[in-house]
Amino acid sequence: MEEYPAKQVTENLDDPPNSRLFVVTSRSINEEELREGFSVFGDIQGIWVVKDKQTKESKGICYVKFAKSSQACLAMEEMHGKVLVEGTKPVKVFIAQSRSSTRHRDVEDEELTRIFVMIPKTFSEEDLKNTFKEYGDIEYCVIIKNKFTGESKGLGYVRYYKPSQAALAIENCDKTYRAILAEPRTKAAVTEDYTGGATRADPGNYPVLDYRSGDFTRCLMMSTRAALTQEQIFALFDIIPGMEYCELQRDAYGMSKGHALIRYSNLGSAVYAKEKLNGFEYPPGNRLAVNFVDDGEDRSSPVGRMAMQFVAAQMMSAVWNGPSTSQVMKPPGFSAVSPMSRIQTDVNLPPLKKLALPDSKAKERLFVVFSPSPLPLDVLEDVFCRFGSLIEVHLVPGRKVGYMKYADKQCADEAMAALHGRVVNGVKMKVMLADPPREESHKRPRTY
C-alpha cells in the first residue's frame, strides 16, 4: 500500500480539483492490480488502499490520485462497472469527495460537464461552439446577455456530454478564456470576478432572472439532461394550478434542446412551481433546474415591484411553512396545492395497502424490466403494494430488473395488467410473470 506524506494529504490531494478517484472494489484486489488497471488513463501519483486497523485486510475501498483531472474523469468513465480482475465483482468508480464538495461525484454528475468561460463580446454561440468543440462533443453553448439590451456580457457556458471532455477544455484551452467548472447557484462560486454580479443562465434566448434579487415572473425555464417528452413536462407542471403554456424547446431538426418554457396565469403559481420543482428528481437521478425568465411585463414602478415581492413572499411562506399558514394571500385563480406526490404516472393507482407478512408464502412472482434504469425500492414498494398482498420487492444488483413477490395470485395479476408497459417517474416498466423457482434440492432456495 502506498501512503501519502502527511503534508501531501492535506495540501495536494485535491490539486488539481477532481483528480482523485474513490473506487469500490473486491477485497481481494491489491495495489498492483489497481495500478495496472488504471495506469492506462494517465500518470498515477498515488494509490491508497483502505485497510482494517485490526486485521490489516482490505476493506474493498481505495483512492487513486491522478496528475490531471481529465485523466481521473476518463478513468471513471471507462472503468465504472468494469471487472478489474477476472472472478471479482465490477468496480464502482467516483470522483472522490473534496473539501469543496460534500459528496462523491459519478459519471452522470452534470456539475462536472459544464464550464464557464470569458469570451469576446463579439462571439456568437456558433463561435463559442467552434472554439471548444476540439475537446469533445458539445451538448449546448449559451452566451449570457443583458436582459434589457440583448447584448453579450462577454460570458458563456459550454456543456459537454462527458466530464473528461470538460476537464480537457479547462486544461488545454487558451488561458484568456479563464475556463472553470460552472458551479451550481447554491454554491459559493466566482461570480463576482467573472460576471460582475451577473446571474447564471440556462439554455435558450430567454434572460434568466435571479429570484434572490426580487426578480419573480410568471414564466419559468426548465432544464433537464434526461430525454423528457412534451407530455411528461406538461403533466409535471400542470400539477400546480394556473399553467397556461408549456412548450419543449426543439432545434431545427425537431430534437429536444433539453429545456422547456412554462408560463402560469399568476405570479403565485409560478413561485410555487419554482420552489417545488427546482432540484426535483424526475426521473430519479435526473435533477430538474427551474428558473424564472423574463415574461415581458413592466414591473419597474415602485407599486408594481412591491406588489410582486409581497405575493412572492407570501407564496414562499406557503411553500416552507405548509398548509397551516391559513392567512396566505392567494392570487386570482390560485388554490391551495397539496404537497407533490413522489409518484408521477398516468396510471390510475389504487390507494395504498399494507404489505403482507414477511413470512407469507409466495403464490406469484412478477419479473420487471426497467428502462432506462430501475426505480428506487421505496417507490416500487409504494406502487406495487397498492394491489394488495405484496410481500417484498427485490432488485437484482447491477441489472435493470427486479422481482415483486405476492401472497395472492390475483393481486399479482392485477398489478401486471395495470403496470405493464406503463411509465412511472419517467421509467418504463415491462411487467411479466416470473419463471417458477427450480426445485432442485442441492441448490439454495430463492430469497426473492
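Biologist: In what order do the 4 strands of this open sheet sit?
Modeller: Strands here are DSSP E runs of at least two residues, and helices are H or I runs of at least four, both numbered from the N terminus. Two strands pair if DSSP finds at least two bridges between them. The pairing is antiparallel, and the order is S10-S11-S9-S12.

Biologist: Which are the edge strands?
Modeller: Look for strands that pair on one side only. Those are S10 (243-250) and S12 (289-293).

Modeller: By the way, this is a predicted model: local features need pLDDT of at least 70, side-chain atom pairs count only at pLDDT 80 or more, and totals for chains, interfaces and linings use all residues. Residues are numbered from 1 along each chain as its sequence is written, and side-chain values use heavy atoms, leaving out hydrogens and water.

Biologist: What is the bridge partner of Cys219 in S12?
Modeller: S9 (residues 219-223) and S12 run antiparallel, joined by 5 bridges. Within S12, Cys219 is matched with Val293.

Biologist: At about what angle does helix H8 run to S12?
Modeller: Angles run from 0 to 180 degrees between N-to-C directions, using lines fitted to C-alpha atoms, for helices over the stretch in contact (heavy atoms within 4.5 Å). H8 (residues 267-277) lies across S9, S11 and S12. Its angle to S12 is about 155°.

Biologist: Which helix gives the largest share of the largest nonpolar core?
Modeller: Such a core joins buried (under 20% relative accessible area, 1.4 Å probe, protein chains only) Ala, Val, Leu, Ile, Met, Phe, Trp, Tyr and Cys residues through side-chain atoms within 4.5 Å. This one has 41 residues, and Phe132 is among those with the most contacts inside it. The largest share, 5 residues, comes from helix H3.

Methods:
Buried < 20%, exposed > 50% of the residue type's maximum accessible area, 1.4 Å probe, protein only.
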